[in-house]
Amino acid sequence: MKALTYERYGGPEVVRVEDVDAPSPRDGEILIRVHASAVNTADWRIRAAAFPGILAIPGRLMFGIFSPRNPRLGSEFAGVVERVGPSARRFKPGVRVFGMATSGGATAELFAVPETGAIAEMPASLTFEEAAAVPFGALCALVFLSDYAGLKPGQKVLIAGASGGVGTYAVQIAKALGAHVTGVAGPESQDFVASLGADVTIDYRKTDLTALEGDFDVVIDTYGMISPRLSRNLLVEGGLFLPLNFGLREIGAIFLNSFRTRKIRLAVNEDRMDDMLRIADLIEAGKLRPVIDSVYPLAEAARAHRQVEARHKRGAVVLRIEGASE
Ligand SMILES: NC(=O)c1ccc[n+]([C@@H]2O[C@H](COP(=O)([O-])OP(=O)(O)OC[C@H]3O[C@@H](n4cnc5c(N)ncnc54)[C@H](OP(=O)(O)O)[C@@H]3O)[C@@H](O)[C@H]2O)c1
């Protein structure tokens with residue numbers, strides 16, 4: 001079968017589409033015939049060992065110190081359950097599923113994954129390409145806004161990087177939670193961010209964020225444009241800053257949390273089944289929709305990686321896998 005692989009960390013040119021052995025589902029696993037996958041910012045960071053800030057050390061420990069431990073790339077998938085391993089009971093063959101597995105290997109014609117992972121049945125209205133566009137951004141946005149921030153109806157949230165892979169889902173989920181949303185994005189993304197439901201949009205090229213004073217209950221930054229100091233100007237008393245990437249500056253701010261009325265929280269969300277089920281429910285309820293920037297055939301995966309690394313995609317970059325061997 002065809003799979004996306006890499007042997008060393010590096011630029012987009014290190015990714016290869018190769019013929020590899022097909023996996024078999026082990027105990028508790030399901031084997032998925034993948035129809036669509038995606039390239040997200042985590043896939044780019046894993047391919048390039050471009051782990052941000054202090055995540056450089058745990059990142060290398062997890063994915064391989066000098067070279068990749070798992071040569072198979074890809075974390076998001078949408079496809080059909082082909083077979084199930086012994087004792088796997090959650091899905092029957094033929095069911096359409098979508099999900100996320102940061103451990104890698106999802107960008108392949110066949111992918112074996114524990115059935116207890118971040119997997120859900122696909123909402124009937126979605127195509128495989130649409131379903132593959134959802135998990136990474138929606139899981140992160142849901143867990144940060146709903147669980148870490150406990151966002152409530154009527155609260156005000158600022159989403160920095162509102163047009164990207166996480167931001168496009170964060171805008172929609174914040175609206176679904178009843179919040180008032182301000183989205184920060186580039187000049188060409190203003191109307192797009194408003195079309196996702198943002199009440200107010202800010203162009204980061206025109207507006208100097210450091211001069212802003214805000215009354216936000218929650219500030220979430222997907223790009224790294226807001227410092228802990230700036231976040232305190234933007235938040236109300238009791239407000240919370242959630243930077244998705246963090247270094248020593250943010251860790252230093254954590255130590256001062258108990259002395260401050262405006263807090264910061266540093267976290268990494270996991271791939272959890274319950275969260276995928278909540279996302280599927282939001283889609284079924286018409287409160288969340290997939291956002292696709294572009295779709296590439298698997299053979300053009302290096303091009304997709306290059307686009308993701310440029311940091312200006314709108315939503316997700318999807319890879320079409322179906323028929324890759326034909
Ligand atoms: N902590 C965690 O658990 C966790 C989980 C998931 C992701 N992450 C991290 O979160 C980040 C989010 O990734 P993503 O997929 O949303 O990124 P993305 O798709 O690359 O989106 C980037 C966003 O930043 C904006 N942007 C680009 N250049 C900018 C600049 N110079 N100044 C200000 N804004 C700029 C883009 O706006 P325009 O295109 O409109 O210019 C876009 O809205 C990644 O770094 C990822 O590693 C962390």
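The legends below walk through several views of one predicted chain, from the whole fold to a few local details.

Residue numbers start from 1 along each chain as its sequence is written. Because the model is predicted, local features are reported at pLDDT of at least 70 and side-chain atom pairs at pLDDT 80 or more, while totals for chains, interfaces and linings use all residues.

**View 1. The whole chain, with its 10 helices and 15 strands.**
Helices (H or I, at least four residues) and strands (E, at least two) are DSSP runs, numbered from the N terminus. The radius of gyration of the chain is 20 Å, close to the 20 Å that the globule rule gives for 326 residues, so the chain is as compact as a globular protein of that length. Here the radius is taken over C-alpha atoms, and the rule is 2.2 Å times the number of residues to the power 0.38. The C-alpha trace spans about 55 × 45 × 40 Å along its principal axes. Buried residues account for 47% of the 326; a residue is buried if 20 or more other C-beta atoms lie within 10 Å of its own, exposed if 12 or fewer, and partly exposed in between, with C-beta atoms placed from the backbone. Of the contacts between residues at least 6 apart in sequence, 68% join residues at least 24 apart, a contact being two C-beta atoms, placed from the backbone, within 7 Å.

**View 2. Domain 1 and domain 2, and where they meet.**
Domain 1 covers 2–134 + 290–320, and domain 2 covers 137–264; these bounds come from an automatic or database domain assignment. To their contact, domain 1 brings 14 residues and domain 2 brings 15 residues. The C-alpha centres of the two domains lie 27 Å apart.

**View 3. An open sheet of 6 strands.**
Follow the order β10-β9-β8-β11-β12-β13, where the pairing is parallel. Strands β10 (200–203) and β13 (263–264) stand at the edges with a single partner each, so one side of each has no neighbour in the sheet. Two strands pair if DSSP finds at least two bridges between them. Further in, 5 bridges join β11 (residues 216–221) to β12 (residues 235–243), and F216 stands opposite L235 in β12.

**View 4. Strand β5 and its antiparallel partners β4 and β7.**
In β5 (residues 96–100), 4 of the 5 residues are buried, which leaves the strand mostly covered. β4 (residues 76–84) is joined to β5 by 5 bridges, with A78 partnering F98. β7 (residues 118–121) is joined to β5 by 4 bridges, and there G99 stands opposite I119.

**View 5. Helix α9 and its buried face.**
The 12 residues of α9 (residues 273–284) should span 16 Å at 1.5 Å a residue, and the end C-alpha atoms, 17 Å apart, agree with that; the expected span is 1.5 Å times one less than the number of residues. Look for D275, M276, I279, A280, L282 and I283, which are buried. Seen down the axis, the buried residues fall within an arc of 160°, so they line one face of the helix; the arc is that of the directions from the helix axis to the C-beta atoms. Their cover includes β5, β7, α4 (135–148) and α5 (167–176). Just after α9, G286 has a positive phi of about 75°.

**View 6. E322, in the segment after β15 (316–320).**
E322 counts as partly exposed because it has 17 C-beta neighbours inside 10 Å. Its C-alpha atom is separated by 36 Å from that of I57, which is 265 residues away along the chain.
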